[in-house]
Every structure is written in structure tokens, then in C-alpha cells.
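Open the model in your viewer and keep the selection panel at hand. We will go stop by stop.

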Amino acid sequence: MLNDWHPVALSQGIATGAVTATDLLDTRLALWRDSGGVLHAWEDRCPHRGTRLSMGALHNDTLRCAYHGWTFGSEGRCKHIPALPALGEANLKAQVATYRVQECYGLVWVCLGEPAAPAPPPFPEFADPALRKVWCGPYDVQSSGPRIVENFLDMAHFAFVHEGILGMQEQAAIANYTVENFDDADYGSGVWAKQCRAWQPQASKAATAGADIEYTYRVVRPLTAVLTKHPVDRVREAIALMLQPQTETTTRVWIILALDDFTSGDDELRQFQDTIFLQDRPILESQSPARLPLIPGAEVSVACDRMSLAYRGYLKQQDLRYGVLRNDQENT
């Protein structure tokens with residue numbers, strides 16, 4: 001997880017002259033943009049006495065700590081200590097931890113370690129000019145990232161958690177679908193479920209009647225999944241779920257819609273997505289344990305859980321240990 005890219009903010013939300021605080025993988029982050037528009041991602045901790053640097057102030061591309069006024073340049077190196085003004089910059093050794101950061105899909109992405117991939121997870125539909133892009137959330141959830149991805153991949157809950165929108169109890173049966181590993185130029189590698197079908201009373205904000213919808217689910221990184229819809233006589237649409245693991249059991253959820261609906265307003269589309277996700281949130285926060293168990297027999301599974309089981313197998317292959325429970329970990 002340390003060597004992957006994770007979303008931490010909307011790009012447009014990081015304005016020049018302001019510092020944004022957030023958390024990633026149990027690490028406090030301070031995000032800021034300098035006068036040239038360049039993004040910086042620092043550990044949100046002054047190396048002097050541990051105060052959040054995001055409480056400080058930016059001036060001429062330097063960040064001043066609110067506690068003792070220590071000033072740090074854009075590379076994170078201390079430039080001035082007000083209590084010791086005679087000390088020249090060359091004699092100051094304090095250094096803030098800095099992290100790699102980039103912008104992609106209208107989001108800010110941070111890697112805390114050595115990036116295993118040069119770019120964030122693939123989302124090819126974002127580049128399709130025939131699709132409109134809408135950012136939803138973020139949604140804060142008291143649950144692990146893997147629990148949230150698994151819920152995103154699950155169709156059997158539609159008839160109960162999203163009844164009247166994505167499903168109906170009278171049509172709760174899940175038809176057979178195919179699960180495979182994939183490796184291609186557009187999505188990279190991962191696991192996918194295809195020929196997934198569900199009858200939905202209102203599959204989208206633009207829907208005016210119920211319809212049988214075909215889905216394809218792709219897990220492209222441990223905490224990123226892309227759902228594509230294949231409406232009859234319409235352009236393929238996509239929903240990307242991109243997670244910011246703040247701790248093992250607290251997660252910020254970012255969702256990007258790529259739709260061919262150019263009639264509904266942005267707020268209408270967000271409200272529809274809000275309704276769906278906020279129905280999921282209490283279910284996710286009720287699950288025990290909060291970390292996803294990768295231990296055989298820890299939970300009962302049935303045939304329509306094949307994609308969930310494939311996802312769990314994928315996480316084992318990735319040797320994921322953050323936000324999950326494994327046989328070789330303490331069961332806490």
C-alpha cells in the first residue's frame with residue numbers, strides 16, 4: 001500500500017496560498033500548491049515538536065509552523081528559526097518528510113513510498129469525450145477499504161439495500177456470471193466479472209423506467225474498482241470507485257462518474273449517487289470485523305459471491321495486509 005498511489009483531494013480544492021490537512025495510511029498529510037501551481041505533499045508534522053504544519057501559514061512559497069515559527073522551504077528543508085535568528089540556513093538541519101504527488105482524473109494522488117507504478121490506477125473512460133465526468137463525495141466511512149470495494153462488487157444486496165432503485169426483493173435472484181483474471185493495455189491487470197445482469201427500477205438518474213442492465217466489474221488495484229454499464233442502444237458508461245485509506249478501519253471514498261447523461265445537472269447526478277452510497281454506509285459500518293477477513297471459513301459464501309471471493313484471492317496474491325485479516329496476523 002505504501003508503494004501505490006492513493007487519492008487524497010480534489011485538484012480544484014487545493015488553492016494557492018492554503019494548506020489542506022488530510023490522512024493517508026495512518027500518516028498525517030499537508031497538501032499545498034506553490035505560486036507556480038506545483039503541488040506539494042508533506043507529512044503534516046513539524047520535526048521540532050510535532051505540531052500539525054497545516055495549522056501554519058504560507059508566505060512566498062514557504063510554510064511557517066504555528067507553534068514556534070520555524071519556516072520550511074518548498075523542498076521541506078528548514079530555512080529559519082525565529083528564536084535563533086543568528087543561525088544561518090546552512091546550519092539548519094530540520095527536514096519535513098515529503099512525498100510524491102501528482103494530479104490525475106481531477107484528483108490529487110500521493111504515494112508514501114517508492115511508486116510501484118508511474119501513474120494512478122487506470123480509468124480509460126475518463127479520456128472518452130463522449131462521456132460527461134462528475135465527481136461525487138467524498139464519503140467518510142468507518143470501515144476498511146477492502147470491505148468497501150467488496151460491497152461495490154456485490155450485486156446481491158441491490159434488492160435489499162437499494163430497493164426501488166437498483167433492485168427489488170421480488171427479483172433478487174442473481175444470474176450466473178463469469179469471473180476471470182485480466183491483463184490488457186487499457187485497464188492493466190486485475191480480476192473482473194462480466195455478463196453481470198440485474199433488473200433495476202431506476203438504474204441511473206436519467207432512467208425513466210425499469211430495465212435489465214448488464215454490468216462489468218474490474219478491480220484494477222487493491223482499492224480501486226471500475227464498474228461499466230452497457231445500456232441497450234446507448235454509450236457504455238462507467239463508475240470508478242477510488243479509495244483513500246486513512247487508517248485500517250477508516251476510509252474516504254472518491255467516486256467519479258463517466259456518463260452519457262448531458263441533461264441532468266451536476267447536483268442532480270451527485271444527489272442520486274449520494275442516495276445510493278449513503279444507503280451502503282450504515283451496512284458497511286455495521287460489518288464485523290471491520291477489516292476484511294481473508295481467512296478461509298471466516299465467513300459463509302455462496303455461488304453468487306464468486307466476484308467477492310475472486311477479489312479476496314486477488315488481495316492474497318497482492319500480499320495485502322492493510323485493512324484485512326489473515327491467518328498470519330493477530331485477529332484484532
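Begin inside helix α3, in this predicted model. Select Leu269, Phe272, Gln273, Ile276, Phe277, Asp280 and Leu284: these residues of α3 are buried. An α-helix has 3.6 residues a turn, so residues three or four places apart point the same way.

Now show the whole helix. α3 covers residues 266-286, 21 in number. From first C-alpha to last it reaches 31 Å, close to the 30 Å expected at 1.5 Å a residue.

What do the buried residues of α3 pack against? Colour β11 (132-141), α1 (145-152), α2 (158-161), β16 (237-247) and β17 (250-259) to see their partners.

Next, turn on cavities. There are four of 30 Å³ or more. The largest has a volume of about 420 Å³. Select Leu166, Leu227, Ile239, Gln273 and Ile276, which lie nearest its centre among 29 lining residues. α1, β14 (211-221), β15 (224-229), β16, β17 and α3 each give two or more residues to this lining. α3 gives the largest share, six residues. By type, the lining of the largest cavity holds 18 nonpolar, five polar and six charged residues.

Move to the second largest cavity, with about 60 Å³ of space. Its lining includes Tyr177, Cys196, Tyr217, Cys304 and Asp305. β13 (188-200) and α4 (306-317) each supply two or more residues there. Eight residues of this lining are nonpolar, one is polar and two are charged.

Last stop: the open sheet of four strands, ordered β5-β6-β7-β8 with antiparallel pairing. β5 (57-59) and β8 (78-80) form its edges. Zoom in on β6 (residues 62-64) and β7 (residues 71-72), joined by two bridges. Select arginine 64 and its bridge partner in β7, threonine 71.

Note on methods:
Residues numbered from 1 in each chain as written. Predicted model: local features only at pLDDT ≥ 70, side-chain atom pairs only at ≥ 80, totals over all residues. Heavy atoms only, no water. Expected span 1.5 Å × (residues − 1). Buried < 20%, exposed > 50% of the residue type's maximum accessible area, 1.4 Å probe, protein only. Contact = heavy atoms within 4.5 Å. Pairing = 2+ DSSP bridges. 1 Å grid on protein atoms, 1.4 Å probe; cavity = no way out; pocket = protein on both sides within 12 Å on 5 of 7 lines; lining within 4 Å. Points joined across faces, edges and corners; volume = space filled by probe spheres on them. Nonpolar A, V, L, I, M, F, W, Y, C, P; charged D, E, K, R; others polar.
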